[in-house]
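Reader: I should be grateful for a close look at one part of this protein, namely the place where its two domains meet. Which residues and elements of domain 1 form the side that touches domain 2?

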Amino acid sequence: MANKIAEPSAHDTLGQATVLCPACGTQDQHPRRFQFESGRGLTPWARCASCDTYFMTSSYDSTAETDHSRHMAWGNEDEGAALNQRKRDGFISTLDGIEQLGYGGSKILDVGCSFGGILVEAKKRGFECSGVDIVPEAVAYVQSLGFKGEVCSSLNDCSLFSPQDPVDVISVLDAHIYWPDQPAELRAACRLLRDDGLLVIRAVTKSAFVTAGRFVGSVSPNVSKKLIRRAIADHRFSMPLKSLLKTVETAGFEILNATPKGAQHTNEMPLSARAAYKVGTLLWHGLGVSVSPTTLIFARKKSA
Ligand SMILES: [Zn+2]
């Protein structure tokens with residue numbers, strides 16, 4: 001089912017449409033606007049005055065988004081299976097974290113499950129696995145592995161679980177940055193989880209790199225372009241970690257842990273990348289400054 005979220009039609013006196021921040025849900029009439037070159041070409045962006053997120057202002061169309069995913073490594077079977085291998089270390093450290101919090105062997109739902117990456121590893125550890133994705137071929141693939149799967153572009157459409165038949169753990173790995181309405185998806189996750197159920201987000205936290213890219217723009221346009229493009233990749237928004245934690249809490253969760261430790265996809269990284277995660281972990285836990293490219297967030301559903 002196509003899920004279209006049109007840009008709001010309200011206009012201010014200058015004729016600019018108000019925009020909705022997909023990351024925190026705030027409507028803004030006069031956001032700072034930009035044109036950024038990303039993995040989707042040159043696209044219009046804005047920055048939310050409320051949560052400091054950079055976001056793409058083009059409207060969301062789930063059919064177009066599915067087609068886009070098919071052209072990415074995680075949206076087609078050959079590359080998707082290879083990617084699962086490359087990201088295995090990340091799946092393992094995520095599952096370690098889930099088990100350490102006491103959710104071992106429980107029912108897990110992976111959002112944006114692609115070709116089953118974390119589900120395959122979770123099954124080996126005795127978890128009961130299911131997944132949702134917007135790409136039908138990916139869902140058919142995880143079903144062929146014996147997992148429950150459903151094609152959904154929003155958790156609001158997920159029928160695998162319900163408040164009467166809730167899930168224990170929901171994982172969202174590198175997928176939240178594609179949501180057109182993150183607060184709505186987090187509230188839906190909260191509804192599908194059991195009381196004290198666990199939400200795990202591997203968040204992409206590179207907004208500081210977008211800001212850095214903007215600032216070097218006047219002296220070095222090429223470095224600027226590269227920094228911004230690498231930070232955004234093909235994502236729809238880039239949100240600072242502290243704003244994300246606040247948004248997760250507002251949706252009904254208590255943050256148990258947020259750390260760059262274990263948030264990398266693979267342990268086989270160049271020294272510079274390994275150092276970035278080490279420094280990122282020290283800075284975040286020591287000074288509350290987030291510079292790590294990705295962060296693992298564990299949050300527990302607050303009881304009603
Ligand atoms: Zn915002």
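Author: The following account begins with the whole protein and then turns to the boundary between the domains. The model is a predicted one. It contains 10 helices and 15 strands. The radius of gyration is 19 Å, close to the 19 Å that the globule rule gives for 304 residues, so the protein is as compact as a globular protein of that length. Along the principal axes, the C-alpha atoms occupy a box of roughly 55 × 45 × 40 Å.

Each domain is assembled from two stretches of the chain: domain 1 comprises 1-71 and 206-238, while domain 2 comprises 73-205 and 240-304. The centres of the two domains, taken over C-alpha atoms, lie 23 Å apart.

At the boundary itself, 26 residues of domain 1 are in contact with 26 residues of domain 2. The size of an interface is often given as the accessible area lost when the parts come together. Here the area buried between domain 1 and domain 2 is about 2,200 Å², and carbon and sulfur atoms give 58% of this area. On the domain 1 side, Arg70, Lys206 and Phe237 supply 25% of the area buried against domain 2, more than any other three residues.

The polar part of the boundary may be described next. Between the domains there are 8 residue pairs in polar contact, counting pairs with both residues at pLDDT 80 or more. Three elements each give two or more residues to the side of domain 1 that touches domain 2: helix 1 (62-70), helix 7 (207-216) and strand 13 (237-238). Of these, helix 1 gives the most, with 5 residues. By class, this side of domain 1 has 9 nonpolar, 10 polar and 7 charged residues.

Side chains of opposite charge can pair when their charged atoms come close. Between domain 1 and domain 2, the count is 1 salt bridge. Arginine 70 pairs in a salt bridge with glutamate 137, and their closest N and O atoms are 2.6 Å apart. Arg70 is also one of the three residues named above for their share of the buried area.

For context, a search of the whole structure finds 15 salt bridges. Among them is the pair of lysine 87 and aspartate 174, with the closest N and O atoms 3.3 Å apart. This pair links distant parts of the chain, 87 residues apart: lysine 87 lies in the loop between helix 2 (77-86) and helix 3 (88-100), and aspartate 174 in the loop between strand 11 (167-173) and helix 6 (182-192).

Methods:
Residues numbered from 1 in each chain as written. Predicted model: local features only at pLDDT ≥ 70, side-chain atom pairs only at ≥ 80, totals over all residues. Heavy atoms only, no water. Domains from an automatic or database assignment. Contact = heavy atoms within 4.5 Å. Buried area = accessible area lost by both parts, 1.4 Å probe. Salt bridge = Lys/Arg side-chain N within 4 Å of Asp/Glu carboxyl O. Polar contact = N/O pair within 3.5 Å; in protein donor to acceptor, adjacent residues only side chain to side chain. Helix = DSSP H or I, 4+ residues; strand = E, 2+ residues; numbered from the N terminus. Nonpolar A, V, L, I, M, F, W, Y, C, P; charged D, E, K, R; others polar. Rg over C-alpha atoms; globule rule 2.2 N^0.38 Å.
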